[in-house]
Amino acid sequence: MYHKQLDEFPTDFLWGASSAAYQIEGGAKEDGKGLSIWDKYAHQVGNTFKGTNGDVAVDHYHRYKEDVELMAKEGLKAYRFSVSWSRILPAGEGKVNQAGINFYRDLINELRKNKIEPILTIYHWDLPLALQEKYDGWESRKTIEAFVNYAKILFSEFGEKVKYWITINEQNVFTSMGYRWGTHPPKKQNIKTMFQANHYINLANALAITKFHKMVPAGKIGPSFGYGPVYPKTNNPEDVLAALNADDFNNNWWLDIYCRGKYPFFIKKQLENLNLMPEITEKDKAILENDGAHPDFLGINYYHGGTVQENRLQKPVIKDKEKQFNKVDPYLMQPKGDQAKNPEVPMFNSVENDYVNKTNWGWEIDPTGLRIALRQVYEKYQLPIMITENGLGAKDIVENGKINDQYRIDYLADHVLAMKEAISDGVDLIGYCAWSFTDLLSWLNGYSKRYGFVYIDQNDEQKGTLTRIPKKSYTWYKNIIATNGNDLSLLKHGEQK
Ligand code: BGP
């Protein structure tokens, strides 16, 4: 779709930036905070880059006023942060830690004082360790109950001061990393457990949203989902079908439940065949399908999409010409025991995209993919969308006390332009929170991979002065906000002021 003139961003557009408690706060054991699964995991040898952990992180717990001041100076209209569950409830349930409540109350007040809209994420991966140890975390319905109680505490404490709420961050990412690939806590590799835990998290999400609608009627709530559009590698109909499968498996599996309360039909059938479907009771169905359980808006975290083709990698060569189009049962490609471990094999195979560049960490850079993502999600669910994460992870260098991150400006400019185009197409986009405001601890990459508008002197040996230095991108974003994203000269590559 080509527009002679692009629409303006809405006047109340929420230009913001994001963070997550474990990645910024530090103060891991201070003022009554209990441990989270990440506090333990990051201290086990070999789990994170050079053993980096969130004990100190970037010390936001003690320096939040300085950070909010920097946000205000940049002109941020919104700031997305997460609450550390174990700071509020050290054991995940039971007794409330008043010091934890006070910390977030002070932060929210500070934001409001500076006219910055707080966007509160209830759960950004740092499950209280006590719940993991007592109930096996998300593998138990007990954790659903604990989550809803925790959310209720936040609703009653902060419901009047916070309008925008995110229930759960990237459920698709933390369930696969934690239960399938074994790279996040609880470091398991069992896909059946993953689907069951994921179902319980769906229930936790639905129940919390239902409660929210009763307790905070003036507020807005939704999950933040890690969305990637899926492209077929070629126009071979088999590849197109593979892309349909991948979209269902990677995206709709979560978004359909959030917005419609039902698992997508085709994948459900496929998982039933493999005995991978979670156990779902009639009561569960009622919880998920209840209208009050559905989000008011969708948070979308966008980094990149993916490309797939029909899985024909190991197709045996068929010599008989007449039979050259014979299908090979993709299950035959997998050893018997592995068939249920890799349910996508008969559906699609992920491949590289030849048309896009990559970051130093191999993530595809695809701003058009953001426009496509926005179009797809809005068309499917017709809910307002907020981009709750998007940004470039890069090694930043300080030269003469300055950080010239023109590469980040170029990346962000392309994505802001893609949003402007999506708005012109007709998408109801209400905000953009870049990842991240300050530099922070990358879960598995320490401080080498930086995302912030504000540099923080902290290194992978976790030694640094923690001094904050606004980067070049900070000023660029300040100008974007000041012109409400409508000055096209700021959206071009090159040397912006
Ligand atoms: C998202 C997470 C964020 C953040 C970001 C960048 O998946 O929600 O918490 O970490 O990815 O990831 P990384 O630090 O691995 O580059």
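Which residues does Asn301 touch, leaving aside those up to four places away in sequence? In this predicted model, the list runs to Arg80, Asn169, Glu170, Ser224, Phe225, Gly226, Tyr227, Thr388 and Glu389. Two of those names, Asn169 and Glu170, come up again at the ligand, where their side chains have polar atoms 2.9 Å and 2.4 Å from a ligand oxygen, respectively.

**Where Asn301 sits**
- Asn301 is part of strand β7, which covers residues 298-301.
- Its relative accessibility is 1%, so Asn301 counts as buried, the cut-off being under 20%.

**Side-chain partners of Asn301**
- The Asn301 side chain has a polar contact with the side chain of Asn169, at 3.0 Å.
- Asn301 and Glu170 are also joined side chain to side chain, by a polar contact of 2.9 Å.

**Around the ligand**
- The ligand has 14 residues around it, and the closest are Gln23, Glu170, Ser442, Lys449 and Tyr451.
- For Asn169, an N or O atom of the side chain is 2.9 Å from an oxygen atom of the ligand.
- For Glu170, the distance from a polar side-chain atom to a ligand oxygen is 2.4 Å.
- Tyr451 has a side-chain N or O atom 2.5 Å from an oxygen atom of the ligand.
- On its own the ligand would expose 380 Å², and the protein buries 91% of that.
- As for the pockets, the largest one is the space that the ligand takes up.

Definitions and conventions. Residues are numbered from 1 along each chain as its sequence is written. This is a predicted model: local features need pLDDT of at least 70, side-chain atom pairs count only at pLDDT 80 or more; totals for chains, interfaces and linings use all residues. Side-chain values use heavy atoms; hydrogens and water are left out. Helices (H or I, at least four residues) and strands (E, at least two) are DSSP runs, numbered from the N terminus. Buried means under 20% relative accessible area, exposed over 50%, partly exposed in between (1.4 Å probe, protein chains only). A polar contact is a pair of N or O atoms within 3.5 Å; within protein, one must be able to donate a hydrogen and the other to accept it, and residues adjacent in sequence count only if both atoms are side-chain atoms. Contact means heavy atoms within 4.5 Å. A residue is near a molecule or strand if one of its heavy atoms lies within 4 Å of it. Accessible areas come from the Shrake-Rupley method with a 1.4 Å probe; for residues, only the protein chains shown count as cover. On a 1 Å grid over the protein atoms alone, a cavity is a set of points where a 1.4 Å probe fits but cannot get out, and a pocket is an open set with protein on both sides within 12 Å along at least five of seven lines; lining residues have an atom within 4 Å of a point. A molecule sits in a cavity or pocket if more than half of its atoms lie within 2 Å of its grid points.
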